[in-house]
Structures are given as C-alpha cells and as structure tokens.
Amino acid sequence: MTTLPARAERRCHNAVNPLHSCIFFSPDLGAEMGRIGIEDPSAAYFATRAAAFGAVGAGVVTATFHNFNPALVARHVPAVWETASPGTVLGARLRAADTTLRRLLGEEAVASGEMAEAARLALRATEACTPHARPLYAAHADLPVPEEPHLAFWHAATLLREHRGDAHLAALLAAGLDPLESLVSHTATGKGMAIPWILSSRGWRRADWEAACERLRERGLLEAGEKLVLTEAGTALRAEVEEATDRMDVAPYEHLGADGVERLTELARGFLLTATAAGAFPASATGRG
C-alpha cells in the first residue's frame, strides 16, 4: 500500500525518463558512435544500451530489450563488440549524454543549483531500487556515478528507467502479451509509437504486425476492422499492465517521499520543457510498448 498520491510515481517517471532517453534520438550519440566505428543506428542502439552487460550475445539483448525482432538483434550482436569494446561504448555514450544535455538545456541549466538538486533527489530514489529479476537495471547499477551533476542526474534517470522497464516487461509477460502484441496494444491506446517507426526501428515486417493484430482480435482484446481500437477487455488489460508496473516500481519513489517525488517531478518537467522546445524528440518516436 503506497503512501504517495495516486500515480505520483508514474508522473515522476514520465518527467524523468525522457531526460534519459533523449540521448537515443540525439545526433551527438550518432557522432560519438561513428567516431568509434559504429555507424549503423540499430547497432549503435543495441551497443549503447547493452554495453553495461559486457560483451554479451544476441540472446541476452533479445531477452532484455523485449520488442525487437531477434533477427535484427542477431544482425548486430555480438559482432558490434568486434568494432568497439563495451568499455569504449560506455565512454562514447557518456560523452554523448554530456554534449546532448548541454545542447538541449544550455550551460546555465547544466550548472544550476536546480540540476544539482535534481541529481541528489534522483540518486536518493535509486537507493531503494532492487536488482532482483531486473537485469538491465542491475547491469547499469554496477556502473560508477559520474561526478558532474547533470551526468549524475542522467545516470540516475537511466537507473530509474531501467528499473521500471524491467518491471514493465514482467507485467507484459504476466498479461500474456508477446513483443509485437505489446507494441500493437500499446499503439492502440493512442500512446504508442507511429507504426512505420516501430516496423523500421524494431525490425518487424508489416505481415508480422498484422499477425499480432489478428492474435489480439482472437483474444477479444482488439476490435475487428482496420483501425486499431482496443475492446473493453483490451483497455482493461493495458490498464492492469500499467498498474502492475506501478506496483513493482513504487519503492524508489516511496523512499524519496511525497515531497521529494513532487519536487523531482517539478524539476524534471522544467528541464523536459526546455529539451522538448529544443527538438529533443522526433514526433514519431514516442511510447515504449
């Protein structure tokens, strides 16, 4: 039983998480990865997010990233580690985070007391994160905390994102939604990614997408017809997935307390407004499945 206001942890996550994920849409990441020899966007994504594991194979990435076509993963992993070691990738990723946040937020915000406060609050929240059955969180939790406040904040945002993300995958599994069914049903809520973006970035074919739609219709979760419309049962299932994710992810925010969560949300929203105005996120790439 949480002592926080209703959905406070979700609101905080929704404000903090984009300040982690903006790096994946940043030209600075592409530039840094290109300098170490990784130019393909999919290879760069898999490498930057999986590097905390070490030089793992395609199976680990497929399992922990969840909604990517295994064939796309296998095309780049583990071959990407022959181009650059995980340590080299982590260094490039941190440099890209530094450049991206300075560009999107400005030097004044990066050096501000508000940034230092946000870093302290976010890091305090991570003290209550747990590694059990959370592989992406656990791998990133082993990395050192950067000294500069804006990078410490980005690191903490990464931990909070992966902690919740691992829980979200457990909720999807419990709901009986496979990777593409997760994406289809999320898109049908109106909050998911644009379909062309999903197909291109996740490596699926249109036929795969349509097959997932048909499976959801057979379960009574998706309405018949060409439009993606959840049934009452589908809407209820997606709501339960989000509520289950909240339950499994509440500990960091309970640890921070209601006042701390409110303040971190306020600070992150301010940074997010600035980053969004600076073009941090392409419109086609919102949502997570």
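**Salt bridges, cysteines and backbone features of the predicted model**

Arg205 is exposed, because its relative accessible area of 55% is over the 50% limit. The structure described here is a predicted model. The side chain of Arg205 meets that of Asp208 in a salt bridge, with a distance of 3.0 Å from N to O. Asp208, in contrast to the exposed Arg205, is buried, with a relative accessible area of 17%. This value falls under the 20% limit, so Asp208 is assigned to the buried class.

The total count of salt bridges in the model is 20. One of them joins Asp249 to Arg164, where the closest N and O atoms are 3.2 Å apart. Asp249 belongs to helix α15 (residues 232–249) and Arg164 to helix α11 (residues 149–174), so this pair ties together parts that are 85 residues apart in sequence. Asp249 and Arg164 are each buried. The pair also takes part in a network of salt bridges that links Arg10, Arg164, Asp246 and Asp249.

A further salt bridge is formed by Arg247 and Glu240, with 2.8 Å between the closest N and O atoms. Its distance lies within the 4 Å cut-off, so the contact qualifies as a salt bridge. Arg247 is exposed at a relative accessible area of 52%. Glu240, at 34% relative accessibility, is partly exposed, because this value lies between the limits of 20% and 50%.

Positive charge was examined next. A patch of positive charge on the surface is made up of Arg7, Arg11, Lys191 and Arg269. Membership of such a patch requires over 30% relative accessible area and no salt bridge, so none of these four residues is a salt-bridge partner. Within the patch, Lys191 sits in the loop between α12 (179–188) and α13 (195–202). Lys191 has a relative accessibility of 60% and is therefore classed as exposed. Arg7 comes from the segment before α1 (8–21). With a relative accessible area of 48%, Arg7 is partly exposed.

Arg7 also has a backbone feature of note: its phi is positive, at about 60°, although the residue is not a glycine. Ala133, likewise not a glycine, has a positive phi of about 60°. Ala133 is placed in the loop between α9 (113–126) and α10 (135–141). Its relative accessible area of 74% makes Ala133 exposed, whereas Arg7 is partly exposed. A cis peptide bond runs from Val77 to Pro78, with omega near 10°. Pro78 is part of the loop between α5 (70–76) and α6 (80–83).

Disulfides were assessed from the distances between cysteine sulfur atoms. The structure contains zero disulfides. Cys22 is in no disulfide, and the nearest cysteine sulfur, which belongs to Cys12, is 16 Å away. For Cys129, the closest cysteine sulfur is again that of Cys12, at 11 Å, which is too far for a bond. A disulfide requires two sulfur atoms within 2.5 Å, so Cys129 does not meet the criterion. Cys22 is buried, with 2% relative accessibility. Cys129 is buried as well, at 9%.

Two further residues were considered with respect to sequence and spatial separation. Phe25 is located in the loop between α1 and α2 (27–35). Phe25 is partly exposed, with a relative accessible area of 27%. From Phe25 to Leu216 the C-alpha to C-alpha distance is 30 Å, and the two residues are 191 positions apart in sequence. Val110 is located in helix α8 (residues 107–110). Val110 has a relative accessibility of 6% and therefore counts as buried. The C-alpha atom of Val110 is separated by 15 Å from that of Ala157, which is 47 residues away along the chain.

Conventions:
Residues numbered from 1 in each chain as written. Predicted model: local features only at pLDDT ≥ 70, side-chain atom pairs only at ≥ 80, totals over all residues. Heavy atoms only, no water. Patch = residues over 30% accessible without salt bridge, like charges linked within 9 Å, V, L, I, M, F, W, Y side chains within 5 Å. Areas by Shrake-Rupley, 256 points an atom, 1.4 Å probe, with all protein chains shown as cover. Lys, Arg positive; Asp, Glu negative; His and termini not counted. Charge placed at Lys NZ, Arg CZ, Asp CG, Glu CD. Helix = DSSP H or I, 4+ residues; strand = E, 2+ residues; numbered from the N terminus. Buried < 20%, exposed > 50% of the residue type's maximum accessible area, 1.4 Å probe, protein only.
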